[in-house]
Amino acid sequence: MTFDKVYQYNFPTTIRFGPGAVKELPAYLQQNNLKAPLIVSDPTIAQLPFFKKILVDLQNHFIEVEVFHDIRKNPVKSDVYKGTDVWDNTERDCLIGIGGGAALDVARAIVLRVNHREDLFKYDDLVGGDVFVVNDVPHFITIPTTAGTGSEVGRSAIISDDETHQKKILFSPKLIAKIVFADPELTMDLPSFITAATGMDALTHNMEAFLAKNPHPICDGIALEGISLIKDSLETATKHPDLESRSKMLIASMMGAIAFQKGLGVVHSLAHPLSSLLDTHHGLANAVNIPYGMKFNIAGFEDKFRRIARTLELKEETGEAVVNYLFELNSKINIPHRLRDIQVQKEHLDTLADLAFADFAHPNNPKPVSRNDFRLLYAEAL
Ligand SMILES: NC(=O)c1ccc[n+]([C@@H]2O[C@H](COP(=O)([O-])OP(=O)(O)OC[C@H]3O[C@@H](n4cnc5c(N)ncnc54)[C@H](O)[C@@H]3O)[C@@H](O)[C@H]2O)c1
Ligand SMILES: [Fe+2]
């Protein structure tokens with residue numbers, strides 16, 4: 001690790017973490033003189049008992065709630081515009097995102113759009129659009145209901161173009177939530193497939209962040225502890241969920257998102273095109289690709305893999321043992337080993353390789369990844 005210039009490390013989010021944390025929401029709003037939140041969620045969550053309970057609790061405290069949940073599985077720009085219309089047409093004083101990464105990303109994008117009305121993708125970070133995020137944003141609160149993306153502690157929103165399905169990143173430190181209410185009880189009834197897929201997303205964040213090339217020992221420490229927590233809890237959370245495994249997964253997913261301010265890598269670049277092209281769930285796309293992406297990264301980074309293997313308490317402290325562990329973990333939690341099992345076909349591989357090479361995540365991979373490398377990795381995983 002060499003420190004050849006000045007780096008910036010940010011850890012500003014206030015997190016209220018633990019069973020029952022969400023019950024603090026009404027008091028928090030009252031203390032901050034907030035009376036009319038726009039709640040942004042997704043159509044499934046809006047029907048769940050815990051969501052209805054949150055609404056009733058707010059109403060009992062004379063807080064007047066408006067809900068917007070009309071969003072796509074992989075959210076698109078028009079979802080954000082519709083949500084902003086609700087903000088415009090009802091007098092709101094703050095915004096609360098309740099959900100997984102999809103709902104929280106839409107919530108964050110609406111937070112941006114409230115006072116930034118150029119085309120949404122003018123603010124795309126990949127074309128330097130973050131410099132246009134200059135105005136104030138509404139008071140923003142996040143409540144995660146999956147343990148995966150860690151979007152609740154993030155400062156970016158991933159939103160796709162309605163037509164091309166290309167993923168854009170809206171980014172600004174202004175988009176960070178003022179407070180996160182992270183309550184593992186809200187994740188207790190997550191179906192096992194979603195637990196497994198989102199949990200593998202969290203594991204991918206921690207592993208890719210640990211391996212990412214920028215020097216960041218603070219994030220490295222967080223990432224290793226995140227990996228350890230997931231090792232202890234993902235299988236139990238998937239098969240026999242209890243509060244302890246759900247709590248460990250929820251904190252580990254936030255640790256992954258905190259750690260990946262350091263950067264991500266080849267696995268996320270392999271995964272993103274599957275969501276844009278085939279609407280694959282983000283976590284599932286990472287889960288299937290992670291063993292192959294990690295295998296690609298071993299040569300030249302044996303020391304880092306030794307530390308991951310030690311954290312996973314593997315008998316052999318090698319990269320190959322880490323790759324075997326990932327295949328075995330996927331088997332235990334019912335994630336397929338092959339892309340062909342998640343609707344990928346040979347005809348897709350060239351387009352996928354083009355999209356992966358254009359993706360934003362791999363420039364931080366510990367070693368360079370060429371378009372041909374992506375093509376070979378997809379072919380190996382098919
Ligand atoms: N902002 C970021 O930093 C970041 C990072 C990674 C991924 N993402 C984005 O996050 C999205 C994926 O998020 P996700 O993996 O959390 O999935 P998700 O938000 O799509 O949720 C998955 C499914 O689980 C359901 N669900 C959520 N909570 C539930 C609960 N408590 N009980 C039962 N069902 C529940 C949802 O309705 C949905 O059908 C993608 O759009 C991806 O691009 C964002
Ligand atoms: Fe991810």
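**Briefing on a predicted single-chain model**

Apart from neighbours within four places in sequence, threonine 204 is in contact with Ala209, Val267, His268, Asn286 and Ile290. Threonine 204 belongs to helix α5, and its relative accessible area of 0% makes it buried. The model in which these values were computed is a predicted one. The chain has 13 helices and eight strands, and six strands form an open sheet with parallel pairing.

**Overall architecture**

- The secondary structure of the chain amounts to 13 helices and eight strands. The radius of gyration is 20 Å, close to the 21 Å that the globule rule gives for 382 residues, so the chain is as compact as a globular protein of that length.
- Along the principal axes, the C-alpha atoms of the chain occupy a box of roughly 60 × 45 × 45 Å.
- Buried residues account for 57% of the 382 in the chain.
- Where contacts join residues at least 6 apart in sequence, 78% of them link residues at least 24 apart.
- The exposed area of the chain is about 15900 Å², of which carbon and sulfur atoms supply 52%.

**The parallel sheet**

- The six strands of the open sheet follow the order β1-β8-β5-β4-β2-β3, and their pairing is parallel. Strands β1 (14-17) and β3 (66-68) are at the edges with a single partner strand each, so one side of each lacks a neighbour in the sheet. From one strand to the next, the twist averages 20°.
- Four bridges connect β1 with strand β8 (residues 179-182) in the parallel sense. Threonine 14 has isoleucine 179 of β8 as its bridge partner.
- Strands of a sheet pair through backbone hydrogen bonds, in either the parallel or the antiparallel sense.
- Helix α7 (residues 243-259) lies across β1, β5 (139-144) and β8, and runs at about 170° to β1.
- Serine 247 is located in helix α7 and counts as buried at 15% relative accessibility. Beyond its neighbours within four places in sequence, serine 247 is in contact with Phe17 and Pro184.

**The antiparallel hairpin**

- Strand β6 (residues 156-160) and strand β7 (residues 167-171) run antiparallel and are joined by five bridges.
- Alanine 157 stands opposite leucine 170 of β7.
- Six residues lie between the strands of the β6 and β7 hairpin, in which histidine 165 adopts a positive phi near 65°.

**Helix α5 and threonine 204**

- Helix α5 (residues 192-211) comprises 20 residues and spans 28 Å from its first C-alpha to its last, close to the 28 Å expected at 1.5 Å a residue.
- Of the 20 residues of α5, 17 are buried, so the helix is largely enclosed by the rest of the structure.
- Threonine 204 is a residue of this helix; its C-alpha atom is separated by 27 Å from that of leucine 112, and the two residues are 92 apart along the chain.

**Histidine 362 in the loop between α12 and α13**

- Histidine 362 is found in the loop between α12 (349-358) and α13 (371-381). With a relative accessibility of 8%, histidine 362 falls under the 20% limit and therefore counts as buried.
- Outside its neighbours within four places in sequence, histidine 362 is in contact with Gly265, Val266, Ser269, Ala356, Phe357, Val369 and Phe374.
- A distance of 19 Å separates the C-alpha atoms of histidine 362 and arginine 155, which are 207 residues apart along the chain.

**Positive phi in the loop between α11 and α12**

- Most residues other than glycine have a negative phi.
- Asparagine 334, a residue other than glycine, has a positive phi near 65°. Asparagine 334 is in the loop between α11 (319-332) and α12, and its relative accessible area of 69% makes it exposed.
- Glutamine 343, although not a glycine, has a positive phi of about 70°. Glutamine 343 also lies in the loop between α11 and α12; at 61% relative accessibility, glutamine 343 is over the 50% limit and therefore counts as exposed.

Conventions: Residues numbered from 1 in each chain as written. Chains lettered and ligands numbered in written order. Predicted model: local features only at pLDDT ≥ 70, side-chain atom pairs only at ≥ 80, totals over all residues. Heavy atoms only, no water. Pairing = 2+ DSSP bridges. Helix = DSSP H or I, 4+ residues; strand = E, 2+ residues; numbered from the N terminus. Axes fitted to C-alpha atoms, helices over the stretch in contact; angles between N-to-C directions. Contact = heavy atoms within 4.5 Å. Rg over C-alpha atoms; globule rule 2.2 N^0.38 Å. Buried < 20%, exposed > 50% of the residue type's maximum accessible area, 1.4 Å probe, protein only. Areas by Shrake-Rupley, 256 points an atom, 1.4 Å probe, with all protein chains shown as cover. Expected span 1.5 Å × (residues − 1).
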